[in-house]
Amino acid sequence: MSREIFETQIIRVFRVGGLVVFFAAAAFPFYWMIVSSFKPLEELLLHPENLGLDLRSLDFTSYRQVLLKHGFFRYIANSLYVSLMTVAVSVSLGTLGGYAVTRLRFPGKGIFSAGVLLVYMLPAIVLVVPLYVIFTHLGLRDSLHVLVLVYVAQTLPVSVYMLKNHFQALPPEIEYAGMVDGCSRAGVIWRVVIPLSAPALASVALYTFMIAWNEFLFAFMFLDTPDKFTLSRGIVQLAGSVHLSKQLVMAASVVVTVPVLILFLFFERQLVRGLTAGALKG
Amino acid sequence: MASLTLQGIGKRYGKTRILSGVDIHVEDGEFCVLLGPSGCGKSTLLHIIAGLILQDEGSVLLDGRPVDGLTPGERDVAMVFQNYALYPHMTVWENLSFGLRMRKVPGPEIKKRVRETSRLLGIESLLDRKPKQLSGGQQQRVAMGRALVRRPKAFILDEPLSNLDARLRADVRVELKSLHRRVGGTVLYVTHDQVEAMTLGDRVVVMNRGEVRQTGSPDDVYSRPADTFVAAFVGSPRMNLFQGRIVRTEGGPRFEGDGFSLDLHGWDDFGPEGEAEIGIRPEDVKIAPPGRGGPVAEVLLASDVGPDTHVHARLGREDLVVRIPGRTDVKPGGKVALEIPAERVHLFRGGLRVPTGA
């Protein structure tokens, strides 16, 4: 066996081995979550070592309980509302901000453009206490709209940054052509820039949605009324109750994770393309 | 259609002056070419005319009325861009009709005009395609069509042929000229290619460093360059320029260059003696038959470019190019006598053209 073939084989073994190890590490908790959610509590307590799942005796009781008895339909609706609002506001403001930084000239543009990501450098844990105090004094605390506000503040820097990178890769002459053809600046953004930015906008929307959907800390601190809980806040409520029912928490976790997972798998190529847009022209 | 006038246009970015005191007048229906090297401010000037950039000084007039306060859309000027700038997400039909739709032209009229224009340019079969599915030449036609379909007061074109390959460029150049003859229109056409300027322009405006250096017919610019910049920029191979002194001798005026001397017999009214620069086009220099002729030069290189041969030679301590029709038997290293007719020699003082009376 020549050295080259030998080396290729070794590399192949390592590559496959590495992928298997990483996949197992990433997928096992997920698998465990799904399996546990389909078993009754007694089964989990009696046979904790049983990792298998009998597909003939799937037990949907936990899902029924989570969704109906523990109000998770309500939480899904709340989470959807907060996430979609965040997406809408963050993407529209991100579009305008990214465009302004790319094409318009105004005083403070350099500082704004460079500083926009600085906001992102502050960890949430540093912000949460002051915000808690401020919102409490303003009487705004227990509200979904405050969550939207916080999530927008959190995601907007990245939205602006990603869209700025994308807009910089668009040739300005296309916009000039639009203006010479009779569009106002706003008309050019609406009729030319936005249609040409669909992939970037989609990836920004997906990113924003995932942040808002998964966010826990602010939801945990700001929401008091169970009617207004988001999904992540609802799980804590469930896990913190007197009788900890493992299978219920697992079912609830599936309800939280699966939509994002599906969304991500569906838009994955789009997302990666959007993230790297502007890195290379062409 | 309308006349297009620029009055004293000036523009600076910070401390850098891009344009100063640019005056250009394009008559109604005239094809005017703006010629200049890259970075001389010609694209900036077009953007100012279109209203995409605001000038610091001066005024843009269409049909004698200032349009400085108007947005690009209100100016009724159509622009063709170097990279075509077609809307990638629209079909050719949508690209052509976009400007009309923005101006709220009624639907039937839009259809009629798009049909006419696409027939004129031979792009009827492409109306359903997206720009990406078109060749460079086809994209170029669509870009022209987008301007034509609007029937604007004036057309401004920013190096519209520079992205085409050499053969196609020559074809489109001819087509553009005949198109203008048929359709008419006030055109300001920017290029750095002097062949384009000479073949297309009713009038040529030569710019350098943000200033107009000469305005005139292609023949004016070529045969009577206003200064040494125009002299060197227009024409290929470029005009030979030599620094030296003009002196009057008993045998008539002479030019004393660096290591050579030229007889300028026939010049009569050329001002005082002294420092001057002369220019002579490569095709105006002849290689004299043996035993005759003036200054002797040493041949460095003879390059055969097809119809002509370009002979690079050393005259005194200066280099010069001679363009000879057809082939020649001069060999590198050999010596040749040159004939330089005095009436073909251009005289410049302080960089500006001075008549020689020849």
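Which side chains meet in a salt bridge at 3.4 Å, N to O, with one partner in chain B and the other in chain A? Keep that in mind as you open this predicted model, and select Arg150(B) together with Asp181(A): these are the two side chains that meet.

**Stop 1: where chain B meets chain A**

Stay with that pair on screen. The interface of chain B and chain A holds one salt bridge by the rule used here, and Arg150(B) with Asp181(A) is a salt bridge between these chains. Now add Asp76(B) to your selection, and you will have a network of salt bridges made up of Asp181(A), Asp76(B) and Arg150(B).

Asp76(B) deserves a moment of its own. Look for it in the loop between β5 and β6 (77-80) of chain B. Its phi is positive, about 60°, although Asp76(B) is not a glycine. With a relative accessible area of 24%, Asp76(B) is partly exposed.

Next, widen the view to take in the whole contact. Chain B brings 23 residues to it and chain A brings 16 residues. About 1,600 Å² is buried between the two chains, and carbon and sulfur atoms give 69% of that area. To find the top contributors on the chain B side, select Tyr87(B), His89(B) and Met102(B): together they supply 29% of the area that chain B buries against chain A, more than any other three residues.

**Stop 2: the two domains of chain A**

Hide chain B for now and color chain A by domain. The domain assignment gives domain 1 as 1-59 and domain 2 as 62-276. Taken over C-alpha atoms, the centres of these two domains of chain A are 32 Å apart.

How many residues of domain 1 of chain A are in contact with domain 2 of chain A? There are 11 residues on the domain 1 side, and they touch 10 residues of domain 2. The area buried between the two domains of chain A is about 900 Å², with 74% of it from carbon and sulfur atoms. If you look for salt bridges between domain 1 and domain 2 of chain A, the count is zero.

**Stop 3: helices α1 and α4 of chain A**

Select Phe6(A), Ile10(A) and Phe14(A). These residues form a nonpolar patch on the surface, with about 340 Å² of accessible area together. Phe14(A) sits in helix α1 (residues 3-37) of chain A. Its relative accessible area is 65%, so Phe14(A) counts as exposed.

For a contrasting setting, go to Asn78(A) in helix α4 (residues 72-103) of chain A. Is Asn78(A) buried or exposed? Its relative accessibility is 4%, so Asn78(A) counts as buried. Show its surroundings too: leaving aside neighbours within four places in sequence, Asn78(A) is in contact with Leu144(A), Asp227(A), Lys228(A), Phe229(A) and Thr230(A).

**Stop 4: salt bridges within chain B**

Bring chain B back. Over all chains, a search of the whole structure finds 23 salt bridges, and three pairs in chain B make good viewing.

Begin with Arg17(B) and Glu57(B), whose closest N and O atoms are 3.0 Å apart. Arg17(B) lies in strand β2 (residues 16-26) and Glu57(B) in strand β4 (residues 57-62) of chain B, so this pair ties together parts that are 40 residues apart in sequence. Both partners are partly exposed, Arg17(B) at 33% relative accessibility and Glu57(B) at 32%.

Move on to Asp202(B) and Lys177(B), which meet in a salt bridge at 3.7 Å, N to O. This pair links parts of the chain 25 residues apart: Asp202(B) is in the loop between α6 (194-200) and β9 (203-208), and Lys177(B) is in helix α5 (residues 166-183) of chain B. Asp202(B) is partly exposed at 37% relative accessibility, whereas Lys177(B) counts as buried at 18%.

Then select Arg224(B) and Asp219(B), a salt bridge with its closest N and O atoms 3.4 Å apart. Here Arg224(B) is partly exposed at 40%, and Asp219(B) is partly exposed at 44%.

**Stop 5: backbone details in chain B**

Finish with the backbone. A cis peptide bond joins Ser236(B) and Pro237(B), with omega about -5°. Pro237(B) lies in the loop between α8 (228-233) and β11 (240-249) of chain B.

Your last selection is Asp63(B), in the loop between β4 and β5 (65-66) of chain B. Asp63(B) has a positive phi of about 55° although it is not a glycine, and its relative accessible area of 39% makes it partly exposed.

Notes. Residues numbered from 1 in each chain as written. Chains lettered and ligands numbered in written order. Predicted model: local features only at pLDDT ≥ 70, side-chain atom pairs only at ≥ 80, totals over all residues. Heavy atoms only, no water. Patch = residues over 30% accessible without salt bridge, like charges linked within 9 Å, V, L, I, M, F, W, Y side chains within 5 Å. Areas by Shrake-Rupley, 256 points an atom, 1.4 Å probe, with all protein chains shown as cover. Salt bridge = Lys/Arg side-chain N within 4 Å of Asp/Glu carboxyl O. Helix = DSSP H or I, 4+ residues; strand = E, 2+ residues; numbered from the N terminus. Buried < 20%, exposed > 50% of the residue type's maximum accessible area, 1.4 Å probe, protein only. Domains from an automatic or database assignment. Contact = heavy atoms within 4.5 Å. Buried area = accessible area lost by both parts, 1.4 Å probe.
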